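Please open the model in a viewer and keep the sequence at hand. The tour below proceeds by selections, each followed by a description of what is found there.

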Amino acid sequence: MTSENGKSAAVLLTPEEMGRADRLTIEGGVPGIVLMERAGQAVARAASGLVSAGAKVLVLCGPGNNGGDGFIAARCLDMSGHSVNVFFLKDPHALKGDALEAFKRMNSGMRSSISYLSSGERISDEFLDALGSADLVIDALFGAGLDRSLSGHVLDIVGRINQSGVPVLAVDLPTGLSGATGDVLGDALKSRATVTFFRKKPGHLLYPGRHLCGPVIVADIGIKPETLKEISPNTFENGPDLWLDLWPMPSVDGHKYSRGHAVVFGGPISATGAARLSATAALRAGAGLVTLASPPDAMMVNACHLTAVMLKKLGDADAIKDFLADARLNALLVGPGFGVGAHTRDVAAELLNSARALVLDADALTSFSEDPQNLFAQISKTPGPVVLTPHEGEFSRLFPDLSGDKLLRARQAATVSGAIVILKGPDTVIAAPDGRAAINSNAPPWLATAGSGDVLAGIVTGLLAQNVPAFEAACQAVWLHAEAGSRAGPGLIAEDLGSALSRAITLLVDKRGEGSC
């Protein structure tokens, strides 16, 4: 099973939290220059893996500790036989602390040239000439220390490097990228790869940051995982390291009634496919039984397409109330293909009153777009967990007053609504009202297809039926959905995700087996 150390591996640190981890480690007796040496050496190793022996490497160093990492990397690459040119952003006489010590160590034995990136507000000709023949640029200008938009000659330097086509290795973060949000601050370097330290940052996973970082190498520089207890971070990279111990591994003595009974509420005959996708996904996700509650006019078409999923003919909200008198029905989903309007709001209210675990998706979300506070008030009164699954369009209608980066908006939405919020996209964010949030990073591009979201909603419901806590159920579902998409491959349609989901689940079975005694 997943250990506490395994969960700590999923932690993401903001730049401020990473700064605190550095300080706590230094206060604990590890000199800052030792951390910088390890960081710079990790950068040098990564650089050596990107170029051939004797390659020409430009190392761009800023005025802070990120530049210090660059000085160490330059020295190591010079010692290993590479042709290294170091370019300063500012006068090295202004350096202080560990960065100054790193500069002294580099300068004492460097064979390579040391120059300035600019002359006044103009990019130096020496840099432009060197860039024209470089094999690699190491970006050690700002890293996570940047807190404002690029301007002036730095903006020009970033543009020239991007236009040159020379591959870039970023130290911590590409220059111009926010480590907290993944946003571009004016402009940003596009990196072939990024080396960061101890833990990733949200900006490594949130778009456009993920695209600009390239593959992210996390280097161990000697900060102990126990340091995280002092920081108490609440942002994570979504994956099995975070929640595997709560994934509902079937037991040998289990049976279908012990794995929960999920109910998907379907719409009219003209829109039956979405609910069937959801119901099938809930069954694939492990729910012991799944019932598709169908309007009378849609019973026949649903019966023609379903086998293991059961059918229940239901009409108005009163019939739903009678149906839910069966306490074994423990996880509910409404929205996919259900229709938009007052009837959907009435049904949602009835389901919220039932105190069951509930997923609201698609049409159920849109039905409350004119009065979202009504929905949030109802959620506040139900003891059952509620999961909302909006894409950006639905999110903007439900939460029109929220602004900022994706992580912040998802967290605010969870607080405002009182529900778990899955803000979907290539960098889906799962947020809980208690402040926890996870960023997903394994989704393939071909998941952007009709019906894909219906499958995701069904997976969440199937996991809730097995009594997985709501935040973890949402995280598990998002990861499994993306993994199934990868396994189904290019050209997938939503119907392909069901069989691919079983192969994704096999990965979790194997992982749990590896961790068992």
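How many cavities of 30 Å³ or more does a search of the whole structure find? The search of this predicted model returns 1 cavity at that cut-off.

**Stop 1: the cavity**

Select C61, G62, P63, F71, F88, L89, K90, D91, P92, A94 and L95, which together line the largest cavity. The volume enclosed there is about 50 Å³. Colour the selection by residue class: the lining divides into 8 nonpolar residues, 1 polar residue and 2 charged residues.

**Stop 2: the largest pocket**

Next select D22, N65, A144, G145 and D172. Of the 33 residues that line the largest pocket, these lie nearest its centre. The pocket has a volume of about 800 Å³. Now display the helices α2 (15–27), α3 (32–48) and α4 (65–79), the elements that give two or more residues to the lining of the largest pocket. Which element gives the most to this lining? It is α2, with 7 residues. By class, the lining of the largest pocket comprises 15 nonpolar, 10 polar and 8 charged residues.

**Stop 3: the second largest pocket**

Move on to the second largest pocket, which holds about 480 Å³ of space. Select K424, G425, L447, S452 and H481, the closest to its centre among the 25 residues that line it. Two or more lining residues come from each of α20 (452–465) and α21 (470–488). The contribution of α20, at 4 residues, is the most that any element gives to this pocket. Colouring by class shows 11 nonpolar, 9 polar and 5 charged residues in the lining of the second largest pocket.

**Stop 4: the sheet of 7 strands**

Switch to a cartoon representation for the sheets. Strands of a sheet pair through backbone hydrogen bonds, either parallel or antiparallel. Select the strands in the order β3-β2-β1-β6-β7-β8-β9: they form an open sheet of 7 strands with parallel pairing. Why is one side of β3 and of β9 left without a neighbour in the sheet? Strands β3 (113–116) and β9 (216–219) stand at the edges and each has a single partner strand, so one side of each has no neighbour there. From one strand to the next, the twist averages 20 degrees.

Within this selection, zoom in on β6 (residues 136–140) and β7 (residues 168–171), which run parallel and are joined by 3 bridges. Label D139 and then A170, its bridge partner in β7.

**Stop 5: the sheet of 10 strands**

Now select the strands β10-β19-β18-β17-β16-β15-β14-β11-β12-β13, given here in their order in an open sheet of 10 strands with mixed pairing. At its edges are β10 (235–237) and β13 (310–313), each of which pairs on one side only. Neighbouring strands of this sheet are turned against each other by 20 degrees on average, direction ignored.

Three details of this sheet merit a separate view.

- Strands β16 (residues 386–388) and β17 (residues 420–423) run parallel and are joined by 2 bridges. Label V387 and, opposite this residue in β17, I420.
- Strands β14 (residues 329–334) and β15 also run parallel, with 4 bridges between them. Here L332 has L358 of β15 as its bridge partner.
- Strand β15 (residues 357–360) is covered on both faces. Show side chains to see A357 and V359 on one side, and L358 and L360 on the other, all of them buried.

Remain at β14 and select A331, which is found in this strand. Is A331 buried or exposed? With a relative accessible area of 0%, A331 is buried. Then add M79 and draw a distance between the two C-alpha atoms: A331 and M79, 252 residues apart along the chain, are separated by 62 Å.

**Stop 6: helix α12**

Finally, select residues 273–284, the 12 residues of helix α12. From its first C-alpha to its last, α12 reaches 17 Å, close to the 16 Å expected at 1.5 Å a residue. Which residues of α12 are buried? They are A274, A275, R276, L277, S278, A279, A281 and A282. Extend the selection to G286, just after α12, where phi is positive at about 115 degrees.

Methods: Residues numbered from 1 in each chain as written. Predicted model: local features only at pLDDT ≥ 70, side-chain atom pairs only at ≥ 80, totals over all residues. Heavy atoms only, no water. 1 Å grid on protein atoms, 1.4 Å probe; cavity = no way out; pocket = protein on both sides within 12 Å on 5 of 7 lines; lining within 4 Å. Points joined across faces, edges and corners; volume = space filled by probe spheres on them. Nonpolar A, V, L, I, M, F, W, Y, C, P; charged D, E, K, R; others polar. Expected span 1.5 Å × (residues − 1). Buried < 20%, exposed > 50% of the residue type's maximum accessible area, 1.4 Å probe, protein only. Pairing = 2+ DSSP bridges. Axes fitted to C-alpha atoms, helices over the stretch in contact; angles between N-to-C directions.
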